[in-house]
Amino acid sequence: NIVVVTITGTLSGSYNSAEVAKKIYLEEHPNTNIHVINSLSAGGEVDLIVRKLNQLVAEGLDFDQVVDVITTYQSKTKLLFVLAKVDNLVKNGRLSKLIGTVVGLLNIRMVGEASETGTLELLQKARGPKKSVQAAYDEIIKAGYAGGRIVMAQRNNEKCCQQLSERIRENFPQADIKILPTSGLCSFYAEDGGLLMGYEID
């Protein structure tokens, strides 16, 4: 049994590569169960999906049950990001130059989300760390966060994560919040001072 989780296909060729690999592998091992998940996301939301998969496997669910449950679970998770720099996103054509010129100027941060198709969408432009924390909190509440799991994947941005965690726990003291460093492609796109936060919604 193999389950693959990739970063959103709109940021990377990882998903298409995984589908090609699945096809090649099944030609040689036709009795293998393989499910490829395009997370339509990055950072903390990918971590949430992997954590849930580990939980389902530990509970002893069979392959088809795992696929069914994780597909439903994915519809109950979202990604919110706070970016202080977007140079790499603009250079790779993932974000418009217009937004790129605004972010970083005058301490402006881009607060946005992953859309249903896995693209990055701007929600707010916040000036300074304090306003970006409040903007991030406001957006997850608006999206339906009600105290579920959160994974904050950050690149040299622990202070923002701590402040946002404190803000969340003011209303949801039992919130399960994990803070992790980004790696690989997520570090490349988050850039210095970036936050890619996955969270559960009701």
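These legends accompany four close-up views of a predicted model.

**View 1. An open sheet of six strands, with a helix packed on it.**
Follow the strands across the sheet and you will read the order β5-β4-β3-β8-β6-β7, with mixed pairing. At the edges are β5 (120–127) and β7 (177–181), each of which pairs on one side only. From one strand to the next, the twist averages 20°. Helix α2, spanning residues 44–58, packs on this sheet and touches β3, β6 (150–155), β7 and β8 (194–200). The direction of α2 makes about 40° with that of β8. For a look at one strand pair, turn to β4 and β5: these two run antiparallel and are joined by seven bridges. Within this pair, Gly112 stands opposite Leu122 in β5.

**View 2. The salt bridge between Arg51 and Asp176.**
Side chains of opposite charge can pair when their charged atoms come close. The structure holds six salt bridges, and this view is centred on the one formed by Arg51 with Asp176. Their closest N and O atoms are 3.1 Å apart. The pair links distant parts of the chain, as its two members are 125 residues apart. Arg51 belongs to helix α2, while Asp176 sits in the loop between α7 (158–171) and β7.

**View 3. The largest pocket and its lining.**
Here you can peer into a pocket with a volume of about 280 Å³. Its lining is made up of 14 residues, and those nearest the centre are Glu45, Gln74, Thr77, Ser115 and Glu116. Strands β3 (77–83) and β4 (108–114) each supply at least two lining residues. The largest share, three residues, comes from β3. By character, the pocket lining divides into four nonpolar, six polar and four charged residues.

**View 4. The largest cavity and its nonpolar lining.**
Rolling a probe the size of a water molecule over the atoms shows where empty space is left. The structure holds one cavity of 30 Å³ or more, and the volume of the largest cavity is about 80 Å³. Lining this cavity are Leu11, Ala42, Leu79, Phe81, Leu83, Leu89, Leu120, Tyr189, Ala190 and Leu196. Ten of the lining residues count as nonpolar, with no polar and no charged ones. At least two residues each come from β3 and from α8 (184–190). Strand β3 gives the most to the cavity lining, with three residues. You may recognise β3 from the previous view, where it supplies three residues to the lining of the largest pocket.

Definitions and conventions:
Residues numbered from 1 in each chain as written. Predicted model: local features only at pLDDT ≥ 70, side-chain atom pairs only at ≥ 80, totals over all residues. Heavy atoms only, no water. 1 Å grid on protein atoms, 1.4 Å probe; cavity = no way out; pocket = protein on both sides within 12 Å on 5 of 7 lines; lining within 4 Å. Points joined across faces, edges and corners; volume = space filled by probe spheres on them. Helix = DSSP H or I, 4+ residues; strand = E, 2+ residues; numbered from the N terminus. Nonpolar A, V, L, I, M, F, W, Y, C, P; charged D, E, K, R; others polar. Pairing = 2+ DSSP bridges. Axes fitted to C-alpha atoms, helices over the stretch in contact; angles between N-to-C directions. Contact = heavy atoms within 4.5 Å. Salt bridge = Lys/Arg side-chain N within 4 Å of Asp/Glu carboxyl O.
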